[in-house]
Amino acid sequence: MLFVCHANLCRSPLAERLARRAFDDAFGPEAAGIVTASAGTRAYDGSPMHRGSAEVLAECGVDPDGFVSRTVNPAIMRESDLVLTATADQRSACLMLEPGAVRRTFTLRQFARFAALAPPIRHGSVADRMRRLVDEVNAGRHRVPPVPAAEDDLPDPVNQPIEAFRVCAEDVWRSLRAVVGVIAAA
């Protein structure tokens with residue numbers, strides 16, 4: 001599961017680390033089958049996470065240490081079973097790099113919206129459940145009413161007070177809960 005934002009400093013690191021927490025909390029050791037990672041469409045490789053994201057993760061009890069940014073590329077896209085971007089523009093940029101990833105690349109909010117309407121998936125490994133969820137989302141996406149593009153975009157908290165990072169983390173967490181809820185045991 002790859003999360004992508006602009007610089008891989010704020011939103012995608014938050015999503016990467018919060019997703020790890022969400023899957024670990026829901027599935028314990030079985031969650032090891034889900035790899036969470038992140039990248040940026042305009043990242044400078046090797047940069048640390050934004051201090052606002054690191055602070056909010058620490059407030060959530062999630063370790064922000066050891067993070068370094070990287071730039072998304074075709075190889076990273078090909079290796080990812082699911083790519084979740086912060087915005088529709090970033091989704092487009094990812095698909096320019098790897099057009100073959102179109103059926104597994106969404107904005108985070110978009111995927112959560114689609115996943116919330118999928119039937120529960122309760123059997124198989126956690127990784128298998130996620131793969132089936134991607135298939136279900138693609139099979140049913142035509143039944144989900146469209147929303148204005150901005151509603152599927154995750155606002156960027158950069159250059160804003162810490163509260164904007166908290167709101168971003170809450171938004172990410174809400175989307176992740178919707179996704180995990182579809183595949184979690186009853």
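## Cavity lining

Phe3, Val4, Cys5, Arg11, Ser12, Ala15, Leu84, Thr85, Ala86, Leu108 and Leu154 line the largest cavity. Three elements each give two or more residues to this lining: β1 (2-5), α1 (11-27) and β3 (83-85). The model is predicted.

By residue class, the lining is made up of eight nonpolar residues, two polar and one charged. Arg11 is among the lining residues. So are Ser12 and Thr85.

## Cavity count and volume

How many cavities of 30 Å³ or more does the whole structure hold? The search finds one. The space in the largest cavity comes to about 40 Å³.

Rolling a probe the size of a water molecule over the atoms reveals where empty space remains.

## The sheet

Four strands make up an open sheet. Their order is β2-β1-β3-β4, and the pairing is parallel. β2 (37-40) and β4 (105-107) are the edge strands, each pairing on one side only. On average, neighbouring strands of this sheet are turned by 25° against each other, direction ignored.

β3 and β4 run parallel and are joined by three bridges. Leu84 stands opposite Phe106 in β4. Leu84 also lines the largest cavity.

## The helix across the sheet

Which strands does α1 lie across? They are β1 and β2. The helix runs at about 160° to β1. Both α1 and β1 are among the elements that give two or more residues to the cavity lining. Within that lining, Phe3, Val4 and Cys5 appear together with Arg11, Ser12 and Ala15.

Technical notes: Residues numbered from 1 in each chain as written. Predicted model: local features only at pLDDT ≥ 70, side-chain atom pairs only at ≥ 80, totals over all residues. Heavy atoms only, no water. 1 Å grid on protein atoms, 1.4 Å probe; cavity = no way out; pocket = protein on both sides within 12 Å on 5 of 7 lines; lining within 4 Å. Points joined across faces, edges and corners; volume = space filled by probe spheres on them. Nonpolar A, V, L, I, M, F, W, Y, C, P; charged D, E, K, R; others polar. Pairing = 2+ DSSP bridges. Axes fitted to C-alpha atoms, helices over the stretch in contact; angles between N-to-C directions. Contact = heavy atoms within 4.5 Å.
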